[in-house]
Amino acid sequence: MPHRAVRRLEETESLDRVAGPASKAAGRAVRPRPVRNLLSGTSLGHPLHPVLTDVTIGAWGASAVLDAVGGPATEPASDLLVKIGIGSAVPTALSGANDWSDTLGPECRVGLVHAMANSAALGLYVASMVMRNRGNRRAGRALGWAGAAVMGVGGYLGGHLSYVQGVNVNRTAWQQEPDEWTPLLDDAELADRAPRRVDADGTPILLYRDGRRVYALAATCTHMGGPLDEGAIEEGCVTCPWHGSTFHLDDGGIERGPASTPQPHYETRVRDGRIEVRVPARDGQGEPVERARHKVREGMARASTT
């Protein structure tokens with residue numbers, strides 16, 4: 001079964017000799033802030049890599065279909081799709097390398113083979129384009145179909161990275177955040193400019209006092225789950241110690257990737273000497289913006305048990 005083969009791949013430590021140095025090199029290449037933000041999809045609010053893969057896979061997949069069932073009239077369209085796929089494969093690979101640079105262990109190993117498969121597919125499609133331009137359509141079609149098959153392997157591994165290993169998914173998506181005002185600790189216990197990790201009914205929260213103002217963010221980084229309470233705080237931002245994602249304390253907005261999802265933030269108040277937090281309320285309504293989402297989750301949970 002495919003999943004068993006991938007599990008064996010995850011456990012193949014010999015791949016680390018290549019995967020480790022290569023991912024570190026990729027990390028150095030994407031370190032500048034503009035590059036990191038662009039390739040991570042920080043301003044997009046969604047990882048960039050999946051968006052670009054749709055273009056490449058769609059173009060090459062459609063070309064394979066036209067080569068299989070079309071005739072001479074569809075040959076120009078098929079050739080154009082091959083070229084579109086080749087052109088989009090470059091930025092797709094760059095965004096993928098950016099994401100891969102943050103992985104370790106099994107994820108890094110699978111990511112290496114994923115990249116190798118996609119690189120092989122790109123090589124086959126470049127060869128296919130060359131044969132098509134030379135008028136050897138039979139060889140061009142054969143190389144295109146081979147590229148599509150290899151692309152399928154790479155796509156399967158990419159799906160495994162996202163849906164099984166959870167690479168680059170929002171690590172706070174299913175947190176049960178405090179809808180109502182929830183007391184966390186005595187006001188006197190939070191020192192000025194000393195980050196503190198506290199628990200709100202199972203949800204870790206970072207509290208930080210700067211003078212009279214108390215900030216509260218989810219303590220789990222949305223990017224890869226790093227502990228924000230252990231990160232550096234300066235100029236109104238906190239930086240994740242794992243991969244350098246930087247968030248504004250006041251609203252959880254992203255200053256620097258690789259995170260592409262803003263950090264959940266909370267309203268704070270001091271009541272009866274206790275610091276309390278809750279999910280921010282809608283303007284003029286007083287109902288937390290996350291309430292509807294939580295109701296949907298609760299309904300799904302109940303449905304799954306019936």
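Two strands pair if DSSP finds at least two bridges between them. I note this criterion at the outset for the entry on strands β3 and β4, where six bridges join β3 (residues 203-210) to β4 in an antiparallel run. I also record that the model is a predicted one.

**Entry 1: the sheet of β2, β3 and β4**

I began with the sheet that holds the β3 and β4 pair. It is an open sheet of three strands in the order β2-β3-β4, and the pairing is antiparallel. I then asked which strands stand at the edges. They are β2 (196-200) and β4 (213-218); each has a single partner strand, so one side of each is left without a neighbour in the sheet. From one strand to the next, I find an average twist of 35 degrees. For the register of β3 against β4, I looked up Arg209, which stands opposite Val214 in β4.

**Entry 2: the sheet of β1, β10 and β9**

I turned next to another open sheet of three strands, ordered β1-β10-β9 and paired antiparallel. Its edge strands are β1 (182-186) and β9 (267-271), each of which pairs on one side only. Here the twist averages 30 degrees between one strand and the next. I looked up the join of β1 to β10 (residues 274-278) and found four bridges, with the strands running antiparallel. Within this join, Pro183 has Glu276 of β10 as its bridge partner. As a general reminder, strands of a sheet pair through backbone hydrogen bonds, either parallel or antiparallel.

**Entry 3: helix α2 against helix α6**

I examined the packing of helix α2 (residues 16-29) on helix α6 (residues 105-133). The angle is about 90 degrees and the axes lie 9 Å apart. Angles of 65 to 115 degrees count as roughly perpendicular, and α2 and α6 are therefore roughly perpendicular to each other. I list Asp16, Val18, Ala19 and Ser23 as the contact residues of α2, and Cys108, Arg109 and Leu112 as those of α6. By class, this contact holds four nonpolar residues, one polar and two charged.

**Entry 4: helix α1 against helix α7**

I repeated the lookup for helix α1 (residues 2-10) and α7, which pack at about 75 degrees with their axes 12 Å apart. By the criterion noted in Entry 3, α1 and α7 are therefore also roughly perpendicular to each other. From α1, the residues Pro2, His3, Val6, Arg7, Leu9 and Glu10 meet Tyr156, Leu157, His160 and Val164 of α7. I count these by class as six nonpolar, two polar and two charged.

**Entry 5: the largest pocket**

I asked what volume the largest pocket has. The value is about 1000 Å³. Its lining comprises 43 residues, and His49, Thr53, Gly96, His114 and Gly158 lie nearest the centre. I traced the lining to its helices: α4 (48-69), α5 (75-100), α6 and α7 (137-164) each supply at least two residues. The lining divides into 18 nonpolar, 23 polar and two charged residues.

**Entry 6: the second largest pocket**

I then looked up the second largest pocket, which holds about 320 Å³ of space. Sixteen is the number of its lining residues, given as 16, and those nearest its centre are Ser23, Lys24, Gly27, Ser101 and Asp102. The elements that give two or more residues to this lining are α2 and α6. I asked which element gives the most. It is α2, with six residues. The classes in this lining are two nonpolar, seven polar and seven charged. I note that Ser23 of α2, listed here among the residues nearest the centre, also belongs to the contact of α2 with α6.

**Entry 7: backbone exceptions**

I closed with the backbone angles. Most residues other than glycine have a negative phi, and most peptide bonds are trans. I looked up two places against this background. The peptide bond from Gly257 to Pro258 is cis, and its omega is near 25 degrees. I located Pro258 in the loop between β8 (254-256) and β9. Asn168, a residue other than glycine, has a positive phi near 65 degrees. I found Asn168 in the loop between α7 and β1.

Technical notes. Residues numbered from 1 in each chain as written. Predicted model: local features only at pLDDT ≥ 70, side-chain atom pairs only at ≥ 80, totals over all residues. Heavy atoms only, no water. Axes fitted to C-alpha atoms, helices over the stretch in contact; angles between N-to-C directions. Parallel < 35°, antiparallel > 145°, perpendicular 65-115°, else oblique. Contact = heavy atoms within 4.5 Å. Nonpolar A, V, L, I, M, F, W, Y, C, P; charged D, E, K, R; others polar. 1 Å grid on protein atoms, 1.4 Å probe; cavity = no way out; pocket = protein on both sides within 12 Å on 5 of 7 lines; lining within 4 Å. Points joined across faces, edges and corners; volume = space filled by probe spheres on them.
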